[in-house]
Amino acid sequence: MSHKIAVVGGDGIGPEVTAAALKVLEAIAPKHGIAYETIEYPFGTDHWLETGGTDGGETLPDSAFAEIQQMDAVLLGAIGDPRAPVGLVEHGVIMRMRVGLDLFVNLRPVKLYDARLCPLKDKTPDDVDMVIVRENTEDAYTAQPEFTDKGTPDEVAVQPMRYTRKGTERVIRYAYELARKRNKTNKLLMIDKANAVRAQDLWTRTMAEVGEEFPDIEQDHAYIDAACMWMVKNPEWFDVAVTTNLFGDIITDVGAMIQGGLGVAASGNIHPGQVSLFEPIHGSAPKYAGKNVANPVATVMAVGMMLDHLGHDAAAREIEATVAKLIQENVIKSLSAGVQSTSEIGDLLASAVAG
Ligand code: IPM
Ligand code: MG
């Protein structure tokens, strides 16, 4: 069966890192008997401006959304550009797909491939190997903002942290299953702020109740503020953690830093068994756009996660192992922008997986 993959390069460096990552996919596919076709979409800020901008510009039209629903995966570069109002294109493209395709798991592995990339003193790859399972369809992210008495001294702005039992339960169950599958510490850490945000009592109860189905998995807990601290101080304590949408957004940027920066951190927006979306965690970095300096490694890692989702776990493992090897051998010298060109790193990885 041939996989249909939608490709949205998006804004800034998105199209360049996506092109480099697709070269790696093209190089590895024949070896693993992977048949696929890519369907490119132009969505992003340029497209929004070209179709009218603030005057009815298009972010993700219904017709394209309907096509994507019928596909197997989406590879996304990056969205975000100062020429559009804050959050408009992000909501129109990324949030629309996360919520519209019901991609309730945002899977964010944090793995260090070489000690030289870690900003923490004396930490090695043995110490940094965890997965954060971020809820991806609820929380303040998908609640409507409300402003009353806007622009006056009495203004009140509200955007609630809203959680449903079903939304909480399915992501927690996914995380328990992942902890079991990884079989590393057989422990699941829940990260919340239930002491201050009492609505998160729903998370506390659901964690305990679903946990009864997983007697082999130990339950652990940390508040988000403490979890950020422990992640920097003792990353080796982390294996699988589950958390809310907003806290997951924040702590995975900390995670990205301890694994060597946004240049390597990838994520999967997943609904098991359905079309899912894969992207680097980094943004569009407009200042590097069009200069062939951005590092495409994170997007290559996103392609690896996509292959895993599509059932090609051997190819996925090979991509990860190849990235790790080229980093360890200093062929990929850095994960920062500008050390080697985007296309050079793409070509190095493509020939390494082809060979
Ligand atoms: C991420 C990003 C997005 C988020 C932005 C671009 C809306 O920071 O994927 O982590 O907050 O989820
Ligand atoms: Mg983020």
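Student: Which atom of ligand 1 does a polar side-chain atom of Arg 108 lie 2.9 Å from?

Tutor: An oxygen atom of ligand 1. Keep in mind that this is a predicted model.

Student: Okay, noted. And how far is a polar side-chain atom of Asp 249 from an oxygen atom of ligand 1?

Tutor: For Asp 249 the distance is 2.8 Å. Arg 134 also has a polar side-chain atom facing a ligand oxygen, at 2.9 Å.

Student: How much of ligand 1 does the protein bury?

Tutor: The protein buries 74% of the 320 Å² that ligand 1 exposes when taken alone.

Student: Which residues are around ligand 1?

Tutor: Arg 98, Arg 108, Arg 134, Tyr 141 and Asp 249.

Student: Let's stay with Arg 134. Where is its place?

Tutor: Arg 134 sits in strand E5, which covers residues 129–135.

Student: Is Arg 134 buried or exposed?

Tutor: Buried: its relative accessible area is 1%, and the cut-off for calling a residue buried is under 20%.

Student: What does the side chain of Arg 134 make a polar contact with?

Tutor: Within the protein, one partner is the side chain of Tyr 141, at 3.3 Å. Tyr 141 is also one of the residues around ligand 1.

Student: Which residues is Arg 134 in contact with, leaving aside its neighbours within four places in sequence?

Tutor: Among them are Arg 98, Phe 104, Asn 106, Arg 108, Thr 243, Gly 248 and Asp 249. Val 171 is another contact; it is 37 residues away along the chain, yet the two C-alpha atoms are separated by 7.9 Å.

Student: Switching topic: which helix packs on the sheet, touching E4, E5 and E8?

Tutor: That's helix H5, residues 165–182. H5 also touches E9, E10 and E11, and its direction makes about 165° with that of E5.

Student: Now the sheet itself. How many strands form it, and in what order?

Tutor: It is an open sheet of 10 strands with mixed pairing, in the order E2-E1-E3-E12-E11-E4-E5-E10-E8-E9. The edges are E2 (36–41) and E9 (218–223), each pairing on one side only. On average, neighbouring strands are turned by 25° against each other, direction ignored.

Student: How many bridges join E1 to E2?

Tutor: There are 6, and the two strands run parallel. As an example, Lys 4 has Glu 37 in E2 as its bridge partner.

Student: Last one: which strands does helix H1 lie across?

Tutor: H1, residues 14–28, lies across E1, E2 and E3, and runs at about 150° to E1.

Definitions and conventions:
Residues numbered from 1 in each chain as written. Chains lettered and ligands numbered in written order. Predicted model: local features only at pLDDT ≥ 70, side-chain atom pairs only at ≥ 80, totals over all residues. Heavy atoms only, no water. Pairing = 2+ DSSP bridges. Helix = DSSP H or I, 4+ residues; strand = E, 2+ residues; numbered from the N terminus. Axes fitted to C-alpha atoms, helices over the stretch in contact; angles between N-to-C directions. Contact = heavy atoms within 4.5 Å. Buried < 20%, exposed > 50% of the residue type's maximum accessible area, 1.4 Å probe, protein only. Polar contact = N/O pair within 3.5 Å; in protein donor to acceptor, adjacent residues only side chain to side chain. Near = heavy atom within 4 Å. Areas by Shrake-Rupley, 256 points an atom, 1.4 Å probe, with all protein chains shown as cover.
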